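Student: I would like to learn how to read features in a protein model. Can we go through some, one at a time?

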Amino acid sequence: MRFSEWYRDRELYHKIGYLISVELVDINTLYKESSSKTKLEFRKYLDELILESMNNIDFFSLSYGDTRENLKIKKILLLYNILTMLRSEKDNSFFPFNLYKNEKWDIEHITSVKESMPSSAEQKKSWLDDVNIYIDISIPESGNLKQRIKKCDVSKDAEFNELFEDIVSHFNYYVASDDEINGLSNLTLLDSETNRGYKNAIFPIKRKTIIDRDKMGAFIPICTKNVFLKYFSEYPPKISFWTQEDRENYEQDLRDVLSGFVEGL
């Protein structure tokens with residue numbers, strides 16, 4: 001009956017699910033603790049454990065790449081999604097911890113990174129065909145990009161590599177600096193199947209893939225969905241770009257949602 005109560009209570013379900021997912025505590029320990037505490041004390045105990053899970057994490061210096069850093073980032077993004085779901089009183093959905101446990105989940109860059117490029121000639125040609133549709137001709141030198149795409153000999157690595165970097169820069173045009181490309185303000189949580197489905201993609205193709213997968217019934221974490229549906233954009237949004245404004249608004253939302261559990265926010 002106790003487990004059934006935890007399962008039906010959205011707050012308990014999500015907080016207990018998070019703590020077990022990050023392996024901070026096991027279900028036996030939780031059961032024993034709940035037996036010696038009032039319901040209010042048990043809820044406070046869960047919050048203390050969540051606070052403990054965020055110990056020694058410097059929100060401002062996290063950077064994707066290092067294995068230890070990646071584990072911290074994934075933990076933060078998981079908690080961010082869970083707390084976002086709990087903030088809405090009208091949201092009756094439950095985070096599918098079974099999928100999170102049994103499937104592989106990645107930390108995904110929101111806007112493109114220059115280090116990840118297609119390798120084969122077929123992949124290069126397909127990538128160029130895809131991005132050509134979304135080139136914004138109002139941005140300086142965009143017309144030149146379209147001409148270069150049309151003329152590019154994908155068998156020449158140097159020519160393609162230079163064009164690839166210029167195209168990625170084009171889609172990062174509205175971002176003030178690439179210095180924080182691996183910071184939290186450019187990272188989100190995504191299942192590896194979706195991630196593999198658009199490897200090397202620019203923002204608008206990632207956005208289209210996310211929407212298509214969502215329509216098919218695939219689980220897309222709420223905060224990832226908010227990113228690619230441009231919830232952090234002022235009207236009218238630049239649909240094909242992750243802008244500096246988007247990035248700053250996203251980071252502020254991260255701070256607001258996590259402020260009760262991460263020091264210094």
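Student: Which residues form a negative surface patch?
Tutor: This is a predicted model, and in it the negative patch on the surface is made by Glu-115, Glu-159, Glu-162 and Glu-165. One of these, Glu-159, lies in helix 9, which covers residues 157–171.

Student: Does Glu-159 count as buried, exposed or partly exposed, and why?
Tutor: Buried means under 20% relative accessible area and exposed means over 50%, with partly exposed in between. Glu-159 has 32% relative accessibility, so Glu-159 counts as partly exposed.

Student: Which residues form the nonpolar patch on the surface?
Tutor: Phe-3, Ile-20, Ile-27 and Tyr-31 form that patch, and together they have about 340 Å² of accessible area. Among them, Ile-20 belongs to helix 2, residues 10–21. Ile-20 is partly exposed because its relative accessibility is 36%.

Student: Now the strands. How do I read which way the side chains point in a strand?
Tutor: In a regular strand, side chains alternate between the two faces of the sheet. Here, Trp-105, Ile-107 and His-109 point one way from strand 1, while Asp-106 and Glu-108 point the other way.

Student: Is strand 1 largely enclosed or open, and why?
Tutor: Strand 1 spans residues 105–109, and five of its five residues are buried, so the strand is largely enclosed by the rest of the structure.

Student: In which sense do strand 1 and strand 2 pair?
Tutor: The two strands pair in the antiparallel sense, over five bridges. Strand 2 consists of residues 187–191. For one position, look at Glu-108, which has Thr-188 of strand 2 opposite.

Student: How many salt bridges are there?
Tutor: First the general idea: side chains of opposite charge can pair when their charged atoms come close. In this model the count comes to 17 salt bridges. One of the pairs is Asp-9 with Arg-43, whose side chains meet at 2.6 Å, N to O. That pair links distant parts of the chain, since Asp-9 is in the loop between helix 1 (2–8) and helix 2, Arg-43 is in helix 4 (residues 39–53), and they are 34 residues apart.

Student: Are Asp-9 and Arg-43 buried or partly exposed?
Tutor: Asp-9 counts as partly exposed because its relative accessibility is 23%. Arg-43 counts as partly exposed too, at 25%.

Student: Where do Glu-11 and Lys-15 lie?
Tutor: Both lie in helix 2, four residues apart, which is about one turn of the helix. Their side chains meet in a salt bridge of 2.9 Å, N to O. Glu-11 is partly exposed, with a relative accessible area of 30%, whereas Lys-15 is buried at 9% relative accessibility.

Student: Which residues are linked in a network of salt bridges?
Tutor: The network links Asp-9, Glu-11, Lys-15, Arg-43 and Asp-47.

Student: What about Asp-157 and Lys-124: how do their side chains meet?
Tutor: They meet in a salt bridge, at 2.8 Å from N to O. This pair links distant parts of the chain: Asp-157 is in helix 9, Lys-124 is in helix 7 (residues 121–132), and 33 residues separate them. Apply the cut-offs again: Asp-157 has 45% relative accessibility, so Asp-157 counts as partly exposed. Lys-124 has 4%, so Lys-124 counts as buried.

Terms used:
Residues are numbered from 1 along each chain as its sequence is written. This is a predicted model: local features need pLDDT of at least 70, side-chain atom pairs count only at pLDDT 80 or more; totals for chains, interfaces and linings use all residues. Side-chain values use heavy atoms; hydrogens and water are left out. Patches are made of residues with over 30% relative accessible area and no salt bridge: like charges are joined within 9 Å, nonpolar side chains (Val, Leu, Ile, Met, Phe, Trp, Tyr) within 5 Å. Accessible areas come from the Shrake-Rupley method with a 1.4 Å probe; for residues, only the protein chains shown count as cover. A salt bridge is a side-chain nitrogen of Lys or Arg within 4 Å of a carboxyl oxygen of Asp or Glu. Lys and Arg count as positive and Asp and Glu as negative; His and the chain ends are not counted. The place of a charge is taken as NZ of Lys, CZ of Arg, CG of Asp or CD of Glu. Buried means under 20% relative accessible area, exposed over 50%, partly exposed in between (1.4 Å probe, protein chains only). Two strands pair if DSSP finds at least two bridges between them.
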